[in-house]
Amino acid sequence: MTVGGIFISFEGIDGAGKSTHIDRLAQMFREQGRQVTLTREPGGTPLAERLRAMVLNDPMDAMTEALLVFAGRRDHLLQCIEPALVRGDVVLCDRFTDATFAYQGGGRGFDLEMLSTLERWVQAVQGQGGEFTRQPDLTVWFDLAPEIAAQRLQGARVPDRFEAQPLEFFKRVAAAYQSRMNQSPQRFAQIDAGGTRENVWDAVRLALVNRGWLA
Ligand code: TYD
């Protein structure tokens, strides 16, 4: 069983149903004696949570949106994620940079090369061997057809700036997640999020067991 810090992110279109599984994983890791840092993006620190409220609610253009999510990410990484990994925690992060490629890149059509540049700048951290680009050790992608996600979300709550988007937007977001996975297949666990909650949970748990992180 791995003892050092582990960084796991969770992704998927709105309505894919990540939350209950993230909570359940946190509980399972704790039961197995691990310290867990449960966090999210946009957000995760007081500064980044303030940026989150703007990104989700205030009208702005795609570049402003991309810069704000990366600004929040820098703070979140330095104040929360890196210290947690140094302590040896399991960091469970509800969304990370793949969401930026999916939503700002795929959904909004923002320039992917600029996102890649920002990714390299923002995620540059110091390690024992010098500077490197921090990435999740594993990204659990809850893959769900946008049509089904839309049905699940119907009437759930007052939609934010993303949840209010049309089906076409989420089709682009889903396609962008797929191409992010194709670029780094070893980092991803693609979960069929269309099954029952228990089936989805079994698949999530298995992905972590297969990596030797859960018994
Ligand atoms: P979400 O996980 O859906 O939060 P909640 O479950 O509380 O609604 O995330 C909020 C939204 O932020 C989601 O619609 C995706 C969007 N988002 C981006 O557009 N870019 C990003 O980089 C991130 C991290 C999230």
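## A walk from the ligand outwards

Around the ligand stand 17 residues, and the closest of them are D14, K18, R95, T100 and Q104. Before going further, keep in mind that this is a predicted model. The ligand makes a good starting point, and a few of its contacts can be picked out by eye. R95 places a polar side-chain atom 2.8 Å from an oxygen atom of the ligand. Q104 also brings a polar side-chain atom to 2.8 Å, this time from a nitrogen atom of the ligand. From R52, an N or O atom of the side chain lies 3.1 Å from a ligand oxygen atom.

Now let us turn to the pockets. The largest pocket has a volume of about 990 Å³, and its lining is made up of 43 residues. If you want to find its centre, look for D14, K18, R95, R157 and E163, which lie nearest to that point. Three of these names, D14, K18 and R95, are also among the residues closest to the ligand.

Many helices have a part in this lining. Helix 1 (19-31), helix 2 (46-57), helix 3 (62-87), helix 4 (97-107), helix 6 (146-153) and helix 8 (197-210) each give at least two residues to the largest pocket. Helix 2 provides the largest share, with five residues. In chemical terms, the lining of the largest pocket holds 19 nonpolar, 11 polar and 13 charged residues.

The second largest pocket encloses about 210 Å³ of space. Its lining counts 17 residues, and A150, L153, Q154, E163 and A164 are the ones nearest its centre. Helix 6 and helix 7 (167-183) each supply at least two residues here, and the largest share, four residues, comes from helix 6. This lining divides into 11 nonpolar, three polar and three charged residues.

One residue links the two descriptions: E163 is listed nearest the centre of the largest pocket and nearest the centre of the second largest pocket as well. Where does E163 sit in the chain? Its place is in the loop between helix 6 and helix 7. E163 has a relative accessibility of 14%, so it counts as buried. Its C-alpha atom is 9.3 Å from that of L56, although the two residues are 107 apart along the chain.

The loop between helix 6 and helix 7 also holds D160. D160 is buried too, because its relative accessible area is 17% and the cut-off for burial is under 20%. The side chain of D160 reaches the backbone nitrogen of E163 at 2.8 Å, which ties these two loop residues together in our picture.

Let us finish with strand 3 (residues 90-94). Why can this strand be called largely enclosed by the rest of the structure? Five of its five residues are buried, so the surrounding structure largely closes it in. In a regular strand, side chains alternate between the two faces of the sheet. Here both faces are covered: V90, L92 and D94 are buried on one side, and V91 and C93 are buried on the other.

Strand 3 also has neighbours that pair with it. Strand 1 (residues 6-11) runs parallel to strand 3, and five bridges connect them; within this strand, V91 is the bridge partner of F7. Strand 2 (residues 36-40) is likewise parallel to strand 3 and joined to it by five bridges. The bridge partner of R40 in strand 3 is D94.

Technical notes. Residues are numbered from 1 along each chain as its sequence is written. This is a predicted model: local features need pLDDT of at least 70, side-chain atom pairs count only at pLDDT 80 or more; totals for chains, interfaces and linings use all residues. Side-chain values use heavy atoms; hydrogens and water are left out. On a 1 Å grid over the protein atoms alone, a cavity is a set of points where a 1.4 Å probe fits but cannot get out, and a pocket is an open set with protein on both sides within 12 Å along at least five of seven lines; lining residues have an atom within 4 Å of a point. Grid points are joined across faces, edges and corners, and a volume is the space filled by probe spheres set on the points. Ala, Val, Leu, Ile, Met, Phe, Trp, Tyr, Cys and Pro count as nonpolar, Asp, Glu, Lys and Arg as charged, and the others, Gly among them, as polar. Buried means under 20% relative accessible area, exposed over 50%, partly exposed in between (1.4 Å probe, protein chains only). Two strands pair if DSSP finds at least two bridges between them. A residue is near a molecule or strand if one of its heavy atoms lies within 4 Å of it. A polar contact is a pair of N or O atoms within 3.5 Å; within protein, one must be able to donate a hydrogen and the other to accept it, and residues adjacent in sequence count only if both atoms are side-chain atoms.
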